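Please open the structure in your viewer and keep the selection tool at hand, since this tour moves from one selection to the next and describes what can be found at each stop.

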Amino acid sequence: MEQFDYNTVEEAAKDLYIRALCDLPPDVREALKKASDRETQPTAKEVFKAIFKTIEIADKNKTLICQDTGLPIYMVKIGCGFPWNGYEIKTRLKKGAQRATLEFPFRGSSTHPLTRVNPQTSVGEGLPVIYFDYTKDEDYLDILMVPKGSGSENMSSMKMFYPAHGIQALKKFVVDTVFESGANPCPPGIIGVGIGGTADLVMRLAKEAIVRPVGQRHPDPEVAKMEVALEEAINAMGRGPMGLGGDISTLAVHIETAYTHITQNPIAVNTQCWPARRSKARIYPDGRVAYGY
Amino acid sequence: MTEYHLETPFSEAAIRQLRIGDIVYFNGTLFGIRDLTQIYMFDQEHKPPVSLEGMPCIHTAPSLRRVGEKWEKICIGTTTSTRMDRFSPDLIGKYGVRAIIGKGGLYEGSLAAMEKYGAVYLAIVGGAAALETQQIEDIEAVYWEHLHPEALYQFRVKDFGPLTVAMDSHGGHLFFDVRDEAKRRLPEIYKQLGID
């Protein structure tokens with residue numbers, strides 16, 4: 001077989017960033033439409049109208065939905081039949097994110113945490129965020145790209161409860177976190193919840209929860225039931241789109257779980273704004289690339 | 001809910017008629033400001049080189065491209081206002097700004113200034129930069145260019161909106177009302193979830 005050309009990964013990383021920023025996934029559009037149909041408050045309905053106009057203009061002009069192009073996150077799944085070089089993939093993802101920023105061009109938001117110097121590249125030390133995972137039978141590479149804006153990311157929260165606090169402490173934490181967030185995360189978006197794991201894993205679970213297509217439920221019926229109950233609870237608060245009051249405060253609550261320590265009961269919330277942006281590419285060993293969401 | 005279509009500069013009467021929950025669209029001039037613009041303006045005491053009297057100001061850091069002498073838009077969106085709350089009473093009291101546009105709202109001190117001088121806070125739909133960019137027809141001037149992307153921008157806008165009146169000049173604060181109502185509902189919500 002011919003040597004795999006890693007330029008393909010770089011090009012895909014660039015295209016994925018731009019695609020995610022301009023083209024909202026179909027499941028998010030559908031969820032917004034359904035939410036808008038259910039909304040009864042006049043002010044909230046105006047917010048939905050503006051949201052649909054925005055999506056329409058971004059589609060027509062191939063332009064950014066939101067000016068906050070966020071920090072780039074790439075979630076990579078490598079099939080065991082794919083001939084891969086992890087270092088090359090990592091390097092090319094970074095280059096691709098930087099090229100998207102400079103070539104589109106759009107505002108880069110990555111900044112040194114102490115000097116606050118912004119290189120205008122969207123990358124830097126530790127960025128882009130890259131997660132690697134591996135699948136058993138496939139011969140392809142899947143890359144899911146998520147540009148994470150700050151309005152929603154700033155509302156992230158995690159806590160290590162004790163087993164004695166029970167499940168009710170977890171539910172209350174989710175409700176209270178959303179209550180405190182108010183209008184800041186540009187609702188109605190997706191509330192990602194991680195339950196279990198370690199301190200780092202629980203937040204990663206919450207992040208994986210926000211990229212699940214809206215409308216998909218967790219395969220465990222008990223977890224799925226908890227998703228529905230929390231969705232209803234959050235909407236019952238009446239905070240509405242952009243926190244201006246209304247029936248719809250969230251499109252969905254998604255929960256991801258992992259085993260934890262016998263002495264631990266961790267929870268994390270990661271919020272996603274209404275432009276719940278993501279894009280996906282599947283790269284085959286022969287260099288073919290198929291784009292999706 | 002009443003829908004208003006206004007022109008800048010806003011008169012005090014035009015602003016005093018607005019109540020929380022009303023929808024506003026407007027034509028005319030819009031000034032773009034951000035954290036640094038206001039630190040420069042108030043903490044470092046630089047007087048704006050253009051009059052803001054009767055004008056609306058929006059919390060933004062625009063993506064622009066410079067083509068010769070002219071600035072062209074790439075993407076202009078709105079940021080969270082609460083960070084810039086402390087400047088707002090002076091923006092209204094000292095420079096006569098009649099509308100502050102942003103997302104998330106401002107606090108009590110700003111509300112008091114709105115009541116005293118006749119100004120409002122207009123909430124825009126966050127994340128809707130594509131729409132906003134289209135409604136901004138032209139970048140007429142960029143003052144204090146060395147502060148870009150947090151300079152003082154003069155935009156010309158057409159049918160700019162929808163904007164929700166979220167703080168009015170009569171002490172009304174929609175974000176506070178919505179928050180207080182949510183707080184009132186919390187005990188019942190906890191009960192439904194089986195939380196003691």
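The tour below goes through a predicted model, beginning with one sheet of chain A and ending with the contact between the chains.

**First stop: a sheet of five strands in chain A**

Select the strands β2, β1, β3, β8 and β9 of chain A, which in that order make up an open sheet of five strands with mixed pairing. The edges are held by β2 (129–135) and β9 (289–292) of chain A, and because each has a single partner strand, one side of each is left without a neighbour in the sheet. If you compare neighbouring strands of this sheet while ignoring their direction, they are turned by 15° against each other on average.

Now narrow the selection to β8 (residues 279–283) of chain A together with β9(A), a pair that runs in the antiparallel sense and is joined over four bridges. To find one place where the two strands face each other, show Arg282(A), which stands opposite Ala290(A) in β9(A).

**Second stop: a sheet of four strands in chain A**

Next, select β4, β7, β5 and β6 of chain A, which form an open sheet of four strands in that order, again with mixed pairing. Here β4 (157–161) and β6 (250–258) of chain A stand at the edges, and each has a single partner strand, so one side of each has no neighbour in the sheet. From one strand to the next, the twist averages 15°.

Which residues stand opposite Ile195(A) on the strands beside it? Show Ile195(A) and look towards β7(A), where Ile267(A) stands opposite it, and then look towards β6(A), where the bridge partner of Ile195(A) is Thr257(A). The two pairings run in opposite senses: β5 (residues 189–196) and β7 (residues 265–272) of chain A are antiparallel and share six bridges, while β5(A) and β6(A) run parallel and are joined by eight bridges.

Stay with β6(A) for a moment, and ask whether this strand is mostly covered or mostly open. The strand is mostly covered, with seven of its nine residues buried. Adding α8(A) to the view shows a helix that lies across β5 and β6 of chain A and runs at about 145° to β6(A).

**Third stop: two pairs of helices in chain A**

Keep α8(A) selected and add α6(A), and you will see two helices whose axes come within 10 Å and cross at roughly 35°, in a crossing that is right-handed. On the α6(A) side, the contact is made by Lys171(A), Val174(A), Val175(A) and Val178(A), and on the α8(A) side by Leu230(A), Ala233(A) and Ile234(A). When these residues are sorted by class, the contact of α6(A) with α8(A) has six nonpolar residues, no polar ones and one charged.

For a second pair, select helix α1 (residues 7–22) and helix α4 (residues 86–103) of chain A, which pack at an angle of about 45° with their axes 7 Å apart. This angle makes α1(A) oblique to α4(A), and the crossing of these two helices is right-handed. The residues that meet here include Tyr17(A) and Ile18(A) in α1(A), and Ile89(A) and Leu93(A) in α4(A). By class, the contact of α1(A) with α4(A) has nine nonpolar, one polar and six charged residues.

**Fourth stop: a buried strand in chain B**

Move to chain B and select strand β6 (residues 99–102), where Ala99(B) and Ile101(B) point one way, Ile100(B) and Gly102(B) point the other way, and all are buried. In a regular strand, the side chains alternate between the two faces of the sheet.

Two further strands can now be added to the view. Strand β3 (residues 56–59) of chain B pairs with β6(B) in the parallel sense over three bridges, and Pro56(B) stands opposite Ala99(B). Strand β7 (residues 120–123) of chain B also runs parallel to β6(B) and is joined to it by four bridges, with Gly102(B) standing opposite Ala123(B).

**Last stop: where chain A touches chain B**

Finally, show both chains together and look at their contact, which takes 43 residues from chain A and 38 residues from chain B. On the side of chain A that touches chain B, α3 (42–61), α6 (166–181) and α8 (221–236) each supply at least two residues, and α3(A) gives the most, with 11 residues. Colouring this side of chain A by class would separate 23 nonpolar, 12 polar and eight charged residues.

Methods: Residues numbered from 1 in each chain as written. Chains lettered and ligands numbered in written order. Predicted model: local features only at pLDDT ≥ 70, side-chain atom pairs only at ≥ 80, totals over all residues. Contact = placed C-beta atoms within 7 Å. Nonpolar A, V, L, I, M, F, W, Y, C, P; charged D, E, K, R; others polar. Axes fitted to C-alpha atoms, helices over the stretch in contact; angles between N-to-C directions. Parallel < 35°, antiparallel > 145°, perpendicular 65-115°, else oblique. Left-handed = near helix turned anticlockwise from the far one by under 90°. Buried ≥ 20, exposed ≤ 12 C-beta atoms within 10 Å, placed from the backbone. Pairing = 2+ DSSP bridges.
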